[in-house]
Amino acid sequence: MAPARTNADRTLLRPGAAGILVALASSAVFGLSGSFAKSLLETGWSSTGAVAVRMLGAALVLAVPAAVALHGRWSQVRENWRTIVLFGFVGVAGCQFFYFNAVERLSVGVALLLEFLAPVLMVLWIWLATRRRPGVRTILGTVAAVAGLVLVLDLAGSTRIDPVGVLWGLAAAVCLASYFFVTAKQNDSLPPLVLATGGMLVGGATMAALGLTGILPLAFSTADVDLGGWQTAWWVPLTGLVLLSTVLAYVTGIIAARSLGSRVASFVSLTEVLFAVLWAWLLLSELPRPIQLVGGCLIIAGVVLVRSDDPAGLPGEAASDVEPYA
């Protein structure tokens with residue numbers, strides 16, 4: 001059970017403008033991953049190969065800074081190995097694996113919508129675990145955010161629904177919710193940089209194992225890629241995928257979750273869909289439709305409603321208090 005927090009701790013952890021900005025920055029660089037990855041996939045890379053290199057490359061980049069952050073106190077890793085493995089296996093590899101399986105059976109839009117139901121699942125889980133009804137603004141914000149996602153993903157076109165695919169997508173949502181629960185849990189002995197590094201190593205190794213054993217296809221390519229109408233070497237988007245969309249994105253995401261609490265951080269993360277659409281417009285010439293822009297406004301409105309809700313309605317740190325992964 002987590003130790004009681006002092007008033008000073010609660011003041012430091014209270015969601016503020018700085019935490020929101022860090023969370024938005026995390027969503028912005030996370031949103032770049034789709035454009036970087038698509039440019040690689042179009043030249044012959046498999047999703048498994050791209051994810052494995054992405055995660056293992058990020059772990060390699062973060063290894064030295066993480067070692068410095070530990071200050072030689074390797075016992076911290078031993079004491080928190082369960083959290084690291086859970087974060088890497090579920091929050092990193094699990095999200096990717098289940099999402100890819102959902103995409104095989106559903107349209108990308110439907111699969112992404114299912115995965116980003118995570119904040120809704122979190123609200124329901126905390127409600128059941130604490131038996132405290134969410135505040136009115138949290139409920140309204142949840143509805144607005146989900147409606148915004150539907151519009152941003154533009155699901156008006158013809159889509160096919162496969163029950164097995166829906167289960168894969170919901171599994172991805174559960175993993176994403178777990179990611180926010182784990183990263184929001186306050187842990188003074190384990191620096192965010194160390195958690196991110198360990199998670200990347202576990203997640204990357206898991207994806208590599210899935211590819212090497214034939215469970216998922218594993219393929220790479222050194223052909224030039226088309227990025228924003230510019231022909232460039234394959235390592236350019238791969239570098240962006242590793243440094244920006246993984247190293248910077250995960251580290252800032254963990255910092256934001258610890259600052260804002262899992263509930264608020266998860267709702268701010270919904271802006272990743274809007275950022276992904278905007279980046280695809282700039283880098284892949286995929287022009288967003290007006291309905292998608294309206295959806296983006298609804299997502300932002302939902303985030304504002306959840307952010308402004310009375311903490312007594314549904315604690316921002318409730319996920320940490322419940323501690324489902326202690």
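Helices here are DSSP runs of at least four residues, numbered from the N terminus. With that in hand, welcome to a short tour of a predicted model.

**View 1. Val22 on helix H2, facing a distant stretch of the chain.** Val22 is found in helix H2, which spans residues 17-41. Is this residue buried or exposed, or something in between? Val22 counts as partly exposed, because its relative accessibility is 28%, while buried means under 20% and exposed over 50%. Leaving aside residues up to four places away in sequence, Val22 touches Thr252, Ile255 and Ala256. Take Ile255 as an example: 233 residues separate Val22 and Ile255 in sequence, yet their C-alpha atoms are 7.7 Å apart in space.

**View 2. The whole chain, for orientation.** Step back for a moment before the next close-up. The chain has 326 residues, and 50% of them count as buried. Its elements are 15 helices and 2 strands. How much accessible surface does the chain have? The total comes to about 14,800 Å², and carbon and sulfur atoms account for 69% of it. Contacts often reach far along the sequence: among those between residues at least 6 apart, 89% join residues at least 24 apart.

**View 3. Tyr250, a well-connected member of the largest nonpolar core.** This core has 60 residues, and Tyr250 is among those that touch the most other members, together with Phe87, Leu176, Tyr179, Met207 and Leu260. Helix H5, residues 81-105, gives the most to the core, with 10 residues. Tyr250 itself lies in helix H11, which covers residues 235-260. With a relative accessible area of 5%, Tyr250 is buried. Which residues does Tyr250 touch, not counting those up to four places away in sequence? The list is Phe30, Arg54, Met55, Phe87, Val92, Gln96, Tyr179 and Met200. Look also for Ala196: it is 54 residues from Tyr250 along the chain, and the two C-alpha atoms are separated by 6.4 Å. As a general background, nonpolar side chains in soluble globular proteins tend to be buried together.

**View 4. Met200, a contact of Tyr250 on helix H10.** Follow the contact from Tyr250 to Met200, and you arrive in helix H10, residues 192-212. Met200 has a relative accessible area of 0%, so this residue is buried. Its contacts, apart from neighbours within four places in sequence, are Met55, Ala58, Ala59, Thr246 and Tyr250. Where does Ala52 lie relative to Met200? The two are 148 residues apart in sequence, with a C-alpha to C-alpha distance of 9.3 Å.

**View 5. Thr48, a buried residue of helix H3.** Thr48 lies in helix H3, which runs over residues 47-70. Its relative accessible area is 2%, so Thr48 is buried. Beyond residues up to four places away in sequence, Thr48 touches Met207, Gly211, Leu216, Pro217 and Leu218. Met207 may look familiar, since it is one of the core residues that touch the most other members.

**View 6. Trp45 and Trp234, a tilted aromatic pair.** The model holds 3 aromatic pairs. In one of them, Trp45 and Trp234 sit 6.3 Å apart, centre to centre, with 35° between the planes, and the pair is tilted. Why does this pair tie together parts that are 189 residues apart in sequence? Trp45 lies in the loop between helix H2 and H3, and Trp234 in the loop between strand E2 (230-232) and H11, so the two rings join those parts. Trp45 is buried, at 6% relative accessible area, whereas Trp234 counts as partly exposed, at 27% relative accessibility. Ring pairs also bring in Phe220, linking Trp45, Phe220 and Trp234 into a cluster.

**View 7. A nonpolar patch on the surface.** Our last stop is on the outside. Val61, Leu243, Leu244 and Leu248 form a nonpolar patch here, with about 300 Å² of accessible area together. Which helix provides the largest share of the patch? Helix H11 does, with 3 residues. Val61 lies in helix H3, and this valine counts as partly exposed, at 39% relative accessibility.

Technical notes: Residues are numbered from 1 along each chain as its sequence is written. This is a predicted model: local features need pLDDT of at least 70, side-chain atom pairs count only at pLDDT 80 or more; totals for chains, interfaces and linings use all residues. Side-chain values use heavy atoms; hydrogens and water are left out. Patches are made of residues with over 30% relative accessible area and no salt bridge: like charges are joined within 9 Å, nonpolar side chains (Val, Leu, Ile, Met, Phe, Trp, Tyr) within 5 Å. Accessible areas come from the Shrake-Rupley method with a 1.4 Å probe; for residues, only the protein chains shown count as cover. A salt bridge is a side-chain nitrogen of Lys or Arg within 4 Å of a carboxyl oxygen of Asp or Glu. Buried means under 20% relative accessible area, exposed over 50%, partly exposed in between (1.4 Å probe, protein chains only). Rings of Phe, Tyr and Trp (its six-membered ring) pair if their centres lie within 6.5 Å; planes under 30 degrees apart count as stacked, over 60 as edge-to-face and the rest as tilted. A nonpolar core is a set of buried Ala, Val, Leu, Ile, Met, Phe, Trp, Tyr and Cys residues joined through side-chain atoms within 4.5 Å. Contact means heavy atoms within 4.5 Å.
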